[in-house]
Amino acid sequence: MQTRILSTSEYDVALASEIIAGGGLVAFPTETVYGLGANALNEEAVKKIYLAKGRPSDNPLIVHIAKKEDIYELVEEVTPKAKALIDAFFPAPLTVILKKSKLIGNVVSGGLDTVAVRMPKNEIARRLIEKSGCPIAAPSANTSGLPSPTRAKYVVDDMMGKIDAIIDGGDCEFGVESTVITLATDVPTLLRPGAVTKEMLEEVIGEVYVAPAVLEGMAENEEAASPGMKYKHYSPKTRVVMVQGTKEQYENFVNSKTDCGALCFDGDDVKIPKITYGKESDELEQARELFDALRELDGFKVKKVYARAPGKDGVSMAVYNRLIRACGFDIIDLTKPFTVGITGQTGAGKGYVCEKLRQYGFEVIDCDKIARQVTRKGESVLNVLAENFGKDILVNGELDRKLLAKRAFATREKTDLLNSILHQIIREKCISLAKGICVLDAPQLFEANMQGDCYKVIGVVANEDTRIKRIVARDNITVEQARQRMAAQYSQEYFLDNCDFVIYNNGESLDTQIENILEVIL
């Protein structure tokens with residue numbers, strides 16, 4: 001197919017409108033990003049959009065209108081709150097979702113009983129719609145999954161030879177797609193943030209709920225009620241990982257890396273190859289620059305790019321929403337005291353894993369060592385332990401650790417009592433020691449409720465016979481005593497269900513398992 005490059009002249013817009021009316025595809029500018037348009041009432045034409053983009057058919061499209069009153073024939077009812085938003089904002093980068101009328105087919109709506117409608121602010125877009133004589137269905141004019149195009153040159157890169165025409169209308173004003181709010185639910189729900197913010201919407205209609213999928217991944221089997229809700233979206237070919245943290249934390253982290261790039265803010269002191277996406281203080285600039293920056297990343301020729309995370313309110317929520325999807329929800333959270341928490345069953349072999357992580361440059365904080373420090377002679381907690389487990393656990397002021405262990409591990413209730421006395425003290429000490437890329441070696445991580453202090457949790461497990469042999473040899477105790485200690489811990493199933501990663505240590509090589517996990521984490 002030959003793709004024509006058109007200007008914004010009256011003649012070229014009229015030509016483009018004829019293509020739309022005839023069932024063809026035209027890419028056109030809006031104030032958000034470039035759209036790939038077809039007659040929304042022509043199901044065969046709309047199917048061509050999915051084909052050109054390589055877009056999943058269950059991903060609904062937005063229907064664009066030229067005048068406010070055009071929405072009435074496309075929906076069952078314009079509810080009072082919908083009318084309030086239309087009156088307050090249209091034309092604007094705002095999409096409202098309502099129950100669809102019989103005019104709207106299943107292809108446009110992605111098989112849903114609702115339709116998404118917006119009136120673009122861009123005059124070229126409205127002229128095209130009006131001259132076409134029909135509403136125009138239009139997702140972003142890019143190959144599905146890649147960053148949305150904010151300049152005509154990116155549309156040319158993705159769509160040349162796949163569509164009939166491209167109207168070159170210059171750079172887009174906002175740079176991220178429209179805000180999407182559904183009014184087909186009991187409480188108005190924000191499905192995709194944009195330049196019209198949650199706060200702006202609430203000034204007009206009151207409470208607006210933010211769908212969990214805005215800042216997180218979609219739940220399993222959840223339907224995409226809006227464009228942009230799919231798990232991975234807006235992504236360059238280069239792998240991007242988001243880094244959550246302060247300016248200083250981000251700079252220290254990326255400057256310790258090699259063979260990678262950075263996506264950061266203007267003024268960030270970054271030594272590795274970098275591309276910026278605006279000032280930290282200017283959320284509108286971040287929105288305008290983000291998709292261009294993501295496109296430019298592929299020129300780095302590196303395996304990985306670390307992106308500094310934006311904020312999560314106002315327009316920044318829209319930037320965060322797009323960037324987290326570009327990263328495929330890969331996040332390194334430097335705001336957590338510990339990069340990795342290591343836990344698992346007693347006798348499973350956590351020590352080897354921790355030693356390997358030391359070799360990778362991690363600082364390892366050993367909870368068992370901390371526990372010994374806080375229970376040294378003279379520490380006030382010893383009196384509390386003696387009151388609960390017997391005064392004879394203290395010999396000349398020193399803790400008889402074997403006797404304490406024998407009594408504390410006798411029942412789950414006694415183990416829980418010991419934990420309640422020691423865990424908060426140990427936690428505070430560990431956090432005070434945490435600096436940089438840090439591992440918490442915590443056999444009782446979950447019992448101490450410290451999983452929330454860790455970016456990721458790795459569990460180490462092994463079969464029962466292997467663990468018994470290791471415990472007996474390590475602690476010089478009987479098999480029965482070993483079984484007693486094992487029974488006082490969580491089951492293997494608990495670790496499988498609650499850890500981000502699990503390492504199996506039944507005699508097989510651990511190095512490959514560890515390396516694979518670190519590749520995901522870092």
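Two strands count as paired if DSSP finds at least two bridges between them. The exercises below use a predicted model.

**Exercise 1. Describe the overall make-up of the protein.**

Solution. Step 1: the protein contains 18 helices and 23 strands. Step 2: along the principal axes, its C-alpha atoms fill a box of roughly 95 × 45 × 40 Å. Step 3: of the 522 residues, 54% are buried. Step 4: take the contacts with a separation of 6 or more; residues 24 or more positions apart account for 69% of them.

**Exercise 2. Give the strand order of the open sheet that contains β17, and name its edge strands.**

Solution. Step 1: the sheet has five strands in the order β18-β21-β17-β22-β23, and the pairing is parallel. Step 2: β18 (363-366) and β23 (501-504) each pair on one side only, which identifies them as the edge strands. Step 3: from one strand to the next, the twist averages 25 degrees. Step 4: at the β18 edge, four bridges connect β18 with the parallel strand β21 (residues 438-441). Within this pair, Ile-365 has Leu-440 of β21 as its bridge partner.

**Exercise 3. Which strands do helices α10 and α18 lie across, and at what angles do these helices run?**

Solution. Step 1: helix α10 (residues 350-359) lies across β17 (338-344), β18, β21, β22 (454-461) and β23. Its direction is at about 160 degrees to β17. Step 2: helix α18 (residues 511-521) lies across β17, β22 and β23. The angle of α18 to β23 is about 170 degrees.

**Exercise 4. Give the strand order of the open sheet that contains β12, then find the helix α7 that packs on it.**

Solution. Step 1: this open sheet has five strands with parallel pairing, in the order β14-β13-β15-β12-β16. Step 2: its edge strands are β14 (274-276) and β16 (331-333), each pairing on one side only. Step 3: with direction ignored, neighbouring strands of the sheet are turned by 25 degrees against each other on average. Step 4: β14 and strand β13 (residues 261-264) are joined in the parallel sense by three bridges; Thr-276 in β14 is the bridge partner of Cys-264. Step 5: helix α7 (residues 247-254) packs on the sheet and touches β12 (239-244), β13, β15 (304-308) and β16. The directions of α7 and β15 make an angle of about 170 degrees.

**Exercise 5. Classify the packing of α12 against α14 and list the residues in contact.**

Solution. Step 1: the axes of helix α12 (residues 381-389) and helix α14 (residues 412-433) come within 11 Å and cross at roughly 170 degrees. Step 2: angles over 145 degrees count as roughly antiparallel, so α12 is roughly antiparallel to α14. Step 3: α12 contributes Val-381, Val-384, Leu-385, Asn-388 and Phe-389 to the contact, and α14 contributes Lys-414, Leu-417, Leu-418, Ile-421, Leu-422 and Ile-425. Step 4: sorted by class, the residues of this contact are nine nonpolar, one polar and one charged.

**Exercise 6. Classify the packing of α15 against α16.**

Solution. Step 1: helix α15 (residues 464-475) and helix α16 (residues 479-487) have axes that come within 9 Å and cross at roughly 115 degrees. Step 2: the range from 65 to 115 degrees counts as roughly perpendicular, so α15 is roughly perpendicular to α16. Step 3: the crossing of α15 past α16 is right-handed. Step 4: Glu-464, Arg-467, Ile-468, Ile-471, Val-472 and Asp-475 of α15 meet Val-479, Ala-482, Arg-483, Arg-485 and Met-486 of α16. Step 5: this contact of α15 with α16 comprises six nonpolar, no polar and five charged residues.

**Exercise 7. Locate the backbone features at Pro-91, Lys-301 and Asn-449.**

Solution. Step 1: most residues other than glycine have a negative phi, and most peptide bonds are trans. Step 2: the peptide bond from Phe-90 to Pro-91 is cis, with omega near -5 degrees. Pro-91 is in the loop between α3 (80-89) and β5 (94-99). Step 3: Lys-301, in the loop between α8 (283-296) and β15, has a positive phi near 60 degrees. Step 4: Asn-449, in the loop between β21 and β22, has a positive phi of about 55 degrees.

**Exercise 8. Are Lys-301 and Asn-449 buried or exposed?**

Solution. Step 1: exposed means over 50% relative accessible area. Step 2: Lys-301 has 74% relative accessibility and therefore counts as exposed. Step 3: Asn-449 has a relative accessible area of 54%, so Asn-449 is exposed.

Note on methods: Residues are numbered from 1 along each chain as its sequence is written. This is a predicted model: local features need pLDDT of at least 70, side-chain atom pairs count only at pLDDT 80 or more; totals for chains, interfaces and linings use all residues. Side-chain values use heavy atoms; hydrogens and water are left out. Axes are lines fitted to C-alpha atoms, for helices over the stretch in contact, and angles run from 0 to 180 degrees between N-to-C directions. Helices (H or I, at least four residues) and strands (E, at least two) are DSSP runs, numbered from the N terminus. Angles under 35 degrees count as roughly parallel, over 145 as roughly antiparallel, 65 to 115 as roughly perpendicular and the rest as oblique. Contact means heavy atoms within 4.5 Å. Ala, Val, Leu, Ile, Met, Phe, Trp, Tyr, Cys and Pro count as nonpolar, Asp, Glu, Lys and Arg as charged, and the others, Gly among them, as polar. A crossing is left-handed if the near helix is turned anticlockwise from the far one by less than a right angle, and right-handed if clockwise. Buried means under 20% relative accessible area, exposed over 50%, partly exposed in between (1.4 Å probe, protein chains only).
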